[in-house]
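Welcome, and please open the model in your viewer. We will go from stop to stop, with something to select at each one.

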Amino acid sequence: MDSWRRPSIPQLPGHGPEPRLRDTATGAIRAAASGPDQGPATIYACGITPYDATHIGHAATFTAWDLLIRAWLDAGRAVTYIQNVTDVDDPLLERAQRDGEDWRDLADREIRRFRGDMVALRLIPPAHLIGAVEAIPVIERFAERLADRGSLYDLDGDVYFARETDPAFGELSGPGTMPDLGLPQMLELSAERGGDPDRTGKKDPLDVIVWRAERPGEPSWDSRFGRGRPGWHVECAAIATSHLGPVFDVQAGGFDLVFPHHEMSASHTRVAFAGHPGHKFARLYAHAGMVGLGGEKMSKSLGNLVFVSRLIGDGEDPMAVRLALLAHHYREDWEWTAGGLSEAGDRLARWRSAASAAQDGLAPHGTARATLAQMRERLADDLDAPGALAAVDQWATEILAERTWDDPPSPPADRAEGHLVRDAVDALLGVAL
Ligand code: 5CA
Ligand code: ZN
């Protein structure tokens with residue numbers, strides 16, 4: 001499906017360092033991508049299930065990956081970015097049913113709205129935005145690989161993945177990893193997040209559906225597994241590997257996707273590509289904290305949502321919304337508040353005044369370059385956006401203090417200095433001043 005319009009990205013002098021990121025599996029902070037001789041940096045970000053508008057939690061998570069992509073580009077790396085849209089799945093069908101709407105109309109409307117939100121927030125679009133429905137042939141081919149390796153079984157027409165066929169199951173979140181989930185927690189999370197651990201007849205309660213047989217009133221497609229629709233984890237495994245190959249740099253999503261979603265997609269891929277040499281699926285797993293409202297995780301099922309489109313429709317500056325997101329480290333769990341948004345608005349106004357003063361030459365020599373270096377250093381260190389914001393705050397404070405001088409400093413010797421921080425804020429933070 002169509003992606004969205006790419007924002008302009010100013011060229012900055014020189015390059016920033018290669019970004020480093022915390023890997024959920026090991027807890028280690030390390031280079032987010034393998035060396036440049038291995039080709040472009042590659043990232044697969046799990047996308048929306050389009051049954052409601054983009055809320056601030058989604059926006060915060062996608063903005064984190066946007067910072068990573070901007071840091072890679074600034075480091076001189078080419079980037080291949082893939083994102084999916086889960087445009088057929090239980091929650092979407094349930095919402096369409098509840099509202100008496102055709103599920104396709106609901107998905108199309110929300111995907112259109114999502115694209116608009118992404119453009120307003122100046123997020124770099126993926127090279128390919130891929131819907132589950134359009135990817136059905138790709139998913140079927142991937143599932144055939146699983147079948148060829150004897151890892152699928154039938155239960156009353158539904159096709160399940162036998163996790164016992166993957167000896168490395170748990171590599172992301174099982175015992176010995178940082179999340180260190182034991183079986184009881186895995187069972188609980190599986191039940192909470194779309195699984196069916198209690199269904200009788202399964203080989204293992206954690207086994208997941210790869211192909212769900214047609215149910216009355218549900219959409220379905222023909223396949224070698226019969227009429228039906230794809231499971232959720234195989235959707236992302238198939239889309240990611242069809243574009244990025246069996247090994248890529250970063251698998252990204254919110255923390256709620258660690259288990260079962262990312263564990264299962266990785267497990268599917270290990271089995272599907274058994275025999276392919278070396279490591280499989282993502283080299284690094286990046287997860288963003290959960291944004292809450294009123295003491296609970298913001299979620300479509302709980303209904304405690306702040307929509308990006310509504311904020312913007314109510315006249316909020318999208319750049320203030322973006323700054324409100326960037327005020328929190330991406331791995332933090334935090335609460336959306338009106339106060340946070342108004343502080344972001346104040347910061348934006350301060351930065352805008354400082355940027356015009358700098359353009360008028362009211363900046364002490366060298367401060368812009370030092371600010372750029374600090375921003376690059378902070379962002380390359382596990383996307384420390386609050387640290388980068390603090391560097392720009394300090395620059396703005398110095399410039400706005402200069403304005404009160406009776407005898408302002410002479411215009412910068414280097415004319416580029418006058419708009420350097422404005423360009424850096426744009427290129428690295430995605431905030432247009
Ligand atoms: N379609 C699947 C992924 S394949 C899905 O999880 N869709 S979603 O619409 O529920 O979420 C889209 C992205 O936003 C995911 O990365 C998810 O982890 C993240 N997300 C959802 N709720 C929040 C929240 N409250 N705070 C931060 N991120 C969130
Ligand atoms: Zn996914």
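Before the first stop, a word on classes: Ala, Val, Leu, Ile, Met, Phe, Trp, Tyr, Cys and Pro count as nonpolar, Asp, Glu, Lys and Arg as charged, and the others, Gly among them, as polar. Keep in mind too that this is a predicted model.

**Stop 1: the shell around ligand 1**

Select ligand 1 and the residues surrounding it. There are 24 of them, and the closest are Gly47, Thr61, Thr86, Asp256 and Met298. Colour this shell by class and you should find nine nonpolar, 12 polar and three charged residues.

**Stop 2: polar contacts of ligand 1**

Now show the nitrogen atoms of ligand 1 and look for their partners in the protein:

- Thr49: a polar atom of its side chain is 2.9 Å from a nitrogen atom of the ligand.
- Gly57: here a polar backbone atom lies 3.1 Å from a nitrogen atom of the ligand.
- Thr86: an N or O atom of its side chain sits 2.7 Å from a nitrogen atom of the ligand.

How much of ligand 1 does the protein bury? On its own the ligand exposes 600 Å², and the protein buries 95% of that.

Next, switch to a ribbon view. Helix 1 (56–74), helix 6 (232–244) and strand 10 (247–254) are the elements that give two or more residues to the shell. Which element gives the most? Helix 1 does, with four residues.

**Stop 3: the zinc ion**

Move on to ligand 2, the zinc ion. Select Cys46, Cys236 and His261 with it: the ion is coordinated by SG of Cys46, SG of Cys236 and NE2 of His261, at 2.1 to 2.2 Å. The site has four donor atoms, and the angles among them run from 102 to 119 degrees, making it tetrahedral. For comparison, the ideal angle for four tetrahedral donors is 109.5 degrees.

Along the sequence, the donor residues follow the spacing C-x189-C-x24-H. Trace the ribbon from Cys236 in helix 6 to His261 in helix 7 (residues 258–272): this pair is 25 residues apart and links distant parts of the chain.

Are these two residues buried or exposed? Buried means under 20% relative accessible area. Cys236 is buried because its relative accessible area is 1%, and His261 counts as buried at 1% as well.

**Stop 4: Ala432**

Finally, select Ala432, in the segment after helix 13 (417–429). Ala432 is partly exposed, with a relative accessible area of 24%. Add Gln359 to the selection: the two residues are 73 residues apart along the chain, and their C-alpha atoms are separated by 15 Å.

How values were computed
Residues are numbered from 1 along each chain as its sequence is written. Chains are lettered from A and ligands numbered from 1 in the order in which they are written. This is a predicted model: local features need pLDDT of at least 70, side-chain atom pairs count only at pLDDT 80 or more; totals for chains, interfaces and linings use all residues. Side-chain values use heavy atoms; hydrogens and water are left out. A residue is near a molecule or strand if one of its heavy atoms lies within 4 Å of it. A polar contact is a pair of N or O atoms within 3.5 Å; within protein, one must be able to donate a hydrogen and the other to accept it, and residues adjacent in sequence count only if both atoms are side-chain atoms. Accessible areas come from the Shrake-Rupley method with a 1.4 Å probe; for residues, only the protein chains shown count as cover. Donors are N, O and S atoms within 2.8 Å of the metal (3.2 Å for Na, K and Ca); water is not among the atoms, so sites may look incomplete. Four donors count as tetrahedral if all angles lie between 85 and 135 degrees; four count as square planar and six as octahedral if opposite donors are over 155 degrees apart and all others between 65 and 115; anything else is irregular. Buried means under 20% relative accessible area, exposed over 50%, partly exposed in between (1.4 Å probe, protein chains only).
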